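The following exercises concern one sheet and one loop residue of a protein chain. Each task is followed by a solution in steps.

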Amino acid sequence: MRQVDVVQFGDHLCGWGEGLCWDPDTQLLHLVDCLRNVRGETTLDAPDDLRLIPTPTLPTKVLLSDKADRHLIVLDDGIFAMAETADAYGQVAAMPQASSGRFNDATVDPAGRIITGNLGLKANTDGSYWSWQGDGGAGNWSTIATKKGNANGPCFSNDGRTLYFADSPTGNILRYDYDPETGRASNETVLANTFELGGGPDGAAIDTDGYLWSALFGGGVIARYAPDGTLDGTIAVPVRNPTDIVFAGPNLDRMIVVSAMEQPTDDREPSPLAGASFEITGAGVTGLPIGKVRL
């Protein structure tokens with residue numbers, strides 16, 4: 001992997017930053033702070049001018065839709081249309097009835113379905129992955145997998161026929177064969193286990209070479225994996241808990257990372273930059289665009 005630089009992106013510190021989303025139409029970068037129930041948006045040229053907007057409940061991800069004036073946000077109890085005040089968010093889809101816990105990370109498949117899941121803090125327990133397909137109304141949910149620990153880092157290969165999910169409590173980045181026409185996932189295998197690098201897999205992104213970039217919570221690095229699961233390399237960041245990564249900019253060649261607060265340990269104090277965002281420069285890669293939800 002090339003020599004890269006990691007620089008702080010803006011001066012804001014999140015309590016628990018997550019849910020990065022780049023909007024190519026408005027050239028805005030979106031993020032959420034799960035701890036403080038706010039979402040934020042800023043430009044790449046003026047990251048200090050981060051605008052914070054309250055959310056009614058805990059937010060986890062911003063998603064673009066095919067309606068330019070109606071982008072979505074994943075909250076702990078459903079999918080909502082974004083608004084400027086906490087009391088104006090309108091629910092688009094409630095959580096599946098069979099679910100437990102709260103929603104977590106999400107992405108969009110090539111056909112415009114939402115791919116998401118819930119937060120289960122223990123391995124192989126009550127976490128599930130789902131897809132949601134809108135039909136102009138309430139839409140419908142389909143189950144992708146059950147008995148998972150946590151839904152993190154969902155993303156797709158270049159051709160949309162491989163779905164990746166990070167099951168954080170197990171350390172596994174999972175890989176599924178995926179049919180974009182039907183939305184069905186099958187043949188679960190393990191792409192990689194990140195515990196050997198000292199952290200659990202959190203948010204992720206795919207570059208145009210088909211390599212997966214994973215933010216390793218607790219590991220203080222961003223790891224890059226080849227499509228066959230080979231570790232291509234790691235990039236150290238100056239915080240212990242990076243949580244998400246996104247490719248941004250007109251050419252999708254600017255890599256932005258967000259992070260979360262840290263707890264002191266017997267041998268380590270929290271980084272003063274815990275909760276900050278960072279830009280990685282010099283990697284020489286570009287990312288894949290994320291799809292828009294079909295409403």
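**Exercise 1. State which residues of strand 4 lie on each side and whether they are buried or exposed.**

Step 1. On one side of strand 4 are Val38, Gly40 and Thr42, on the other Arg39 and Glu41, and all of them are buried. Buried means under 20% relative accessible area, exposed over 50%, and partly exposed in between, with a 1.4 Å probe and protein chains only. Strands (E, at least two residues) are DSSP runs, numbered from the N terminus.

Step 2. In a regular strand, side chains alternate between the two faces of the sheet.

Step 3. Strand 4 comprises residues 38-42, and five of its five residues are buried.

The model is predicted: local features need pLDDT of at least 70, side-chain atom pairs count only at pLDDT 80 or more, and totals for chains, interfaces and linings use all residues. Residues are numbered from 1 along each chain as its sequence is written, and side-chain values use heavy atoms, leaving out hydrogens and water.

**Exercise 2. Identify the strands joined to strand 4 and place them in the sheet.**

Step 1. Strand 3 (residues 28-33) runs antiparallel to strand 4 and is joined to it by five bridges; two strands pair if DSSP finds at least two bridges between them. Asp33 has Val38 as its bridge partner in strand 4.

Step 2. These two strands form a hairpin with four residues between them, and Asn37 in the turn has a positive phi of about 55 degrees.

Step 3. Strand 5 (residues 51-54) is also antiparallel to strand 4, with four bridges. Here Arg39 stands opposite Ile53.

Step 4. The open sheet consists of four strands in the order 2-3-4-5, with antiparallel pairing. Strand 2 (17-23) and strand 5 stand at the edges with a single partner strand each, so one side of each has no neighbour in the sheet.

Step 5. Strand 2 and strand 3 run antiparallel and are joined by five bridges. Asp23 has Leu28 as its bridge partner in strand 3.

**Exercise 3. Describe the location and polar contacts of His71.**

Step 1. The loop between strand 6 (59-63) and strand 7 (72-75) contains His71. This residue counts as buried because its relative accessibility is 12%.

Step 2. The side chains of His71 and Asp23 are joined by a polar contact of 3.4 Å. Such a contact is a pair of N or O atoms within 3.5 Å; within protein, one must be able to donate a hydrogen and the other to accept it, and residues adjacent in sequence count only if both atoms are side-chain atoms.

Step 3. At 3.2 Å, the His71 side chain also reaches the backbone nitrogen of Ser65.
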